[in-house]
Amino acid sequence: MLRRSVHKRLLATSADASAKQQQQQQYNVFDRSAKLLQRSKTPKLNIELSRKKEYLRDEVARKTIERLAFITRPFTRVLDFGSHGGNLLKNLCSPDEEIPQESTTDKAVVEMAKQLIKDKETVRSKIEELVMFDSSKELLNRDIAEPYNNVFKGVVRRYVGDEEAFSHPCLEESNQYDAVISNLSLHWINDLPGALANINRVLKPDGLFMATLFGGDTLYELRTSLQLAELERRGGMSPRVSPLVRLNDVGSLLNRAGFSMLTIDAEDIVVGGFPDIVAICEDLQAMGEQNAILSRSNYLPRDVLLAANEIYKTLHGEKNGNEITLPATFNVIFMIGWKKSADQPQPLARGTGQVSLKDVL
């Protein structure tokens, strides 16, 4: 009787382990090992090309700095989670942009350039220690000897580790960071709710989380062109572009992770002037942003590529003189959340209002 009970218990344990394994595999959409190789390849083989293709991350980093400048509190210790080559640090400390002449440029553009310089100085003065964390050693240390690193007066620490595993010693202690910044990194994490919950854990109470990631409409021109071309030439479609988070889902993800006082918005950044679809794919490859889903196809037939290029030009092409160039749209979601704290402003109890909406309206 005892032997039969132990046997049943072992079977149940084995079944539970199998169920957990299947559940874990079910949520693995991205090939993390392949993504690490993709992100490390260009910085390892061609550093200058890797720097040249950072234009999108640099633009998002500047927009993040503009938002950080509105936060009045100091940040003693900041975690740059998924820091890539250090775009946040580079744009904080790079030489000030040349302010265009008012006589040749719109006055609003001149004022924006002046304001960005002030924002950089403001944010730099707030941060005493910046911890940069990224899975790619080649990318993280690519610009470690660049002169702009000496401009930052605080301490900079660089750590290599898996953003999804969240097991590095710099992430073990709870309630240690005043702010966590993450730019264009979270969209490659399989367990995004778990990653957000861990970020909430390492933040101090009332700590700031500010992040950006690519939204669902990113590269819709490329996606639709490849789908139509493959449907025409092969009679079916393969997942050529990675699935991305929708704007409507971000709020529930942040609430589930324990954040409060949320601010979420999205912006489309359109990069134009590509001569053909191959040039777009080459830029994505140099950025390390090419497809990395587990069910991806590693082969794109030539006839499908040629058909997709013509469809792209027909549906989305832009006339540039006698040529037709291709735009690429990147839908960037900006999110801000605060770790819950007793010191945060709380809504008044229901029924305590003293003004009637009838009088206001």
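Student: Which residue forms a salt bridge with Glu-146, and how far apart are the closest N and O atoms?

Tutor: Side chains of opposite charge can pair when their charged atoms come close. In this predicted model, Glu-146 forms a salt bridge with Arg-51, and the closest N and O atoms are 3.2 Å apart. The pair links distant parts of the chain, since Glu-146 sits in the loop between α7 and β3 and Arg-51 in helix α3, 95 residues apart.

Student: Is Glu-146 buried, exposed or partly exposed, and which class does Arg-51 fall into?

Tutor: Buried means under 20% relative accessible area and exposed means over 50%, with partly exposed in between. Glu-146 has 27% relative accessibility and therefore counts as partly exposed, and Arg-51, at 24%, is also partly exposed.

Student: What salt bridge does Asp-143 form with Arg-51, and which parts does the pair tie together?

Tutor: The closest N and O atoms of Asp-143 and Arg-51 are 2.7 Å apart. Because Asp-143 lies in the loop between α7 (137-140) and β3 (155-160) while Arg-51 belongs to helix α3 (residues 47-52), this salt bridge ties together parts that are 92 residues apart in sequence. Asp-143 counts as buried, at 3% relative accessibility. Asp-143 also meets the side chain of Arg-142 in a salt bridge, at 2.8 Å from N to O, and Arg-142 is buried, with a relative accessible area of 8%.

Student: Which residues do salt bridges with shared partners join into one network?

Tutor: The network comprises Glu-48, Arg-51, Glu-54, Arg-57, Arg-142, Asp-143, Glu-146 and Glu-289. Over the whole structure, a search finds 22 salt bridges.

Student: Turning to the interior, how many residues has the largest nonpolar core, and which have the most contacts inside it?

Tutor: In soluble globular proteins, nonpolar side chains tend to be buried together. Here the largest nonpolar core has 28 residues, and those with the most contacts inside it are Phe-81, Val-180, Leu-186 and Phe-209. Several elements supply at least two residues each, including β1 (75-81), β4 (177-183) and β5 (203-214), and α8 gives the most, with five residues. Leaving aside residues up to four places away in sequence, Leu-186 touches Phe-81, Leu-192, Leu-196, Ile-199, Phe-209, Ala-211 and Leu-213. Another core, of 27 residues, lies apart from it, with Val-60, Leu-226, Phe-274 and Phe-334 among them.

Student: What is the volume of the largest pocket, and which residues are closest to its centre?

Tutor: The largest pocket has a volume of about 680 Å³, and of its 28 lining residues the closest to the centre are Arg-240, Cys-281, Leu-284, Gln-290 and Asn-291. Helix α11 provides the largest share of the lining, five residues. By class, the lining has 15 nonpolar, nine polar and four charged residues.

Methods: Residues are numbered from 1 along each chain as its sequence is written. This is a predicted model: local features need pLDDT of at least 70, side-chain atom pairs count only at pLDDT 80 or more; totals for chains, interfaces and linings use all residues. Side-chain values use heavy atoms; hydrogens and water are left out. A nonpolar core is a set of buried Ala, Val, Leu, Ile, Met, Phe, Trp, Tyr and Cys residues joined through side-chain atoms within 4.5 Å. Buried means under 20% relative accessible area, exposed over 50%, partly exposed in between (1.4 Å probe, protein chains only). Helices (H or I, at least four residues) and strands (E, at least two) are DSSP runs, numbered from the N terminus. Contact means heavy atoms within 4.5 Å. On a 1 Å grid over the protein atoms alone, a cavity is a set of points where a 1.4 Å probe fits but cannot get out, and a pocket is an open set with protein on both sides within 12 Å along at least five of seven lines; lining residues have an atom within 4 Å of a point. Grid points are joined across faces, edges and corners, and a volume is the space filled by probe spheres set on the points. Ala, Val, Leu, Ile, Met, Phe, Trp, Tyr, Cys and Pro count as nonpolar, Asp, Glu, Lys and Arg as charged, and the others, Gly among them, as polar. A salt bridge is a side-chain nitrogen of Lys or Arg within 4 Å of a carboxyl oxygen of Asp or Glu.
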